[in-house]
Amino acid sequence: MSITFEKVLILKNIPMFENASEMALSDLISSAEEKTFKVGDVLLDNQKENTALFIVLSGKAQAVSGEEVVLEFGPRQFFGETTVLSPAVLPYQIKAVESTCVLKISGHRLYQVMSLHPSIAKGFIGELSRRLR
C-alpha cells in the first residue's frame with residue numbers, strides 16, 4: 001500500500017485521528033515508515049525499548065507473553081502508544097500471525113508532527129486518557 005490518500009482514509013477511521021485534518025494526516029504519513037512483516041516476524045521485541053507507534057494497515061499481529069496471546073491487532077488498530085513518547089520495554093512481544101503491513105512512526109517524528117498539528121496531539125492525548133479509565 002503506497003497511496004497516501006488511502007492511508008489518510010484509514011487513519012481517519014481511527015478514533016485517535018478522526019478529528020485531524022487531511023494535511024495533518026498526510027504529514028504524519030510522510031513521517032512514517034511503511035513496513036511489511038511475514039508470518040512469525042517480530043514487530044516489537046520485548047527485549048528492547050520501544051520508541052515507535054505502529055498502526056496496522058493490513059494483516060494481523062498478536063501480543064504474546066510466553067505462550068499466552070494477550071492482545072490481537074488488526075487493520076486500523078495500533079500499538080506502542082504508551083511507550084512511543086517515553087521509551088520503555090513492554091512485557092510482551094508482538095508477532096505477525098499473517099502478512100502484516102504497518103506504519104511505524106518514531107517518537108521523534110511524532111513529536112514533530114504534534115508540534116505542527118495540535119489536532120494530532122489532542123487526539124493522541126484523548127486516546128491515552130480513554131485507555132487509562
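The exercises below work through parts of a predicted model.

Residues are numbered from 1 along each chain as its sequence is written. Local features need pLDDT of at least 70 and side-chain atom pairs count only at pLDDT 80 or more, while totals for chains, interfaces and linings use all residues, and side-chain values use heavy atoms, with hydrogens and water left out.

**Exercise 1. The sheet**

Task: State the strand order of the open sheet of four strands, then find its edge strands.

Solution:
- Strands are DSSP runs of E with at least two residues, numbered from the N terminus, and two of them pair if DSSP finds at least two bridges between them.
- The order is 2-9-5-6, and the pairing is antiparallel.
- Strand 2 (42-44) and strand 6 (68-73) pair on one side only, which makes them the edge strands.
- From one strand to the next, the twist averages 35°.
- Strand 5 (residues 61-65) and strand 9 (residues 93-96) are joined by four bridges. Ala61 has Ala96 of strand 9 as its bridge partner.

**Exercise 2. Two helices**

Task: Describe how helix 2 packs against helix 3.

Solution:
- Helices are DSSP runs of H or I with at least four residues. Axes are lines fitted to C-alpha atoms, for helices over the stretch in contact, and angles between N-to-C directions run from 0 to 180 degrees.
- Helix 2 (residues 22-31) and helix 3 (residues 107-116) meet at an angle of about 160°, and their axes are 10 Å apart.
- The two helices are therefore roughly antiparallel (angles over 145 degrees).
- Helix 2 contributes Ala24, Asp27, Leu28 and Ser31 to the contact, and helix 3 contributes Arg109, Leu110 and Val113. Contact means heavy atoms within 4.5 Å.
- By class, this contact has four nonpolar, one polar and two charged residues. Ala, Val, Leu, Ile, Met, Phe, Trp, Tyr, Cys and Pro count as nonpolar, Asp, Glu, Lys and Arg as charged, and the others, Gly among them, as polar.

**Exercise 3. Two loop residues**

Task: For Arg76 and Glu81, decide whether each is buried, partly exposed or exposed.

Solution:
- Buried means under 20% relative accessible area, exposed over 50%, and partly exposed in between (1.4 Å probe, protein chains only).
- Arg76 lies in the loop between strand 6 and strand 7 (78-79). Its relative accessibility is 45%, so Arg76 is partly exposed.
- Not counting residues up to four places away in sequence, Arg76 touches Ile10, Asn13, Ile14 and Val56.
- Glu81 lies in the loop between strand 7 and strand 8 (88-89). With a relative accessible area of 9%, Glu81 is buried.
- Leaving aside neighbours within four places in sequence, Glu81 contacts Leu53, Phe124, Leu128 and Arg131.

Terms used:
Angles under 35 degrees count as roughly parallel, over 145 as roughly antiparallel, 65 to 115 as roughly perpendicular and the rest as oblique.
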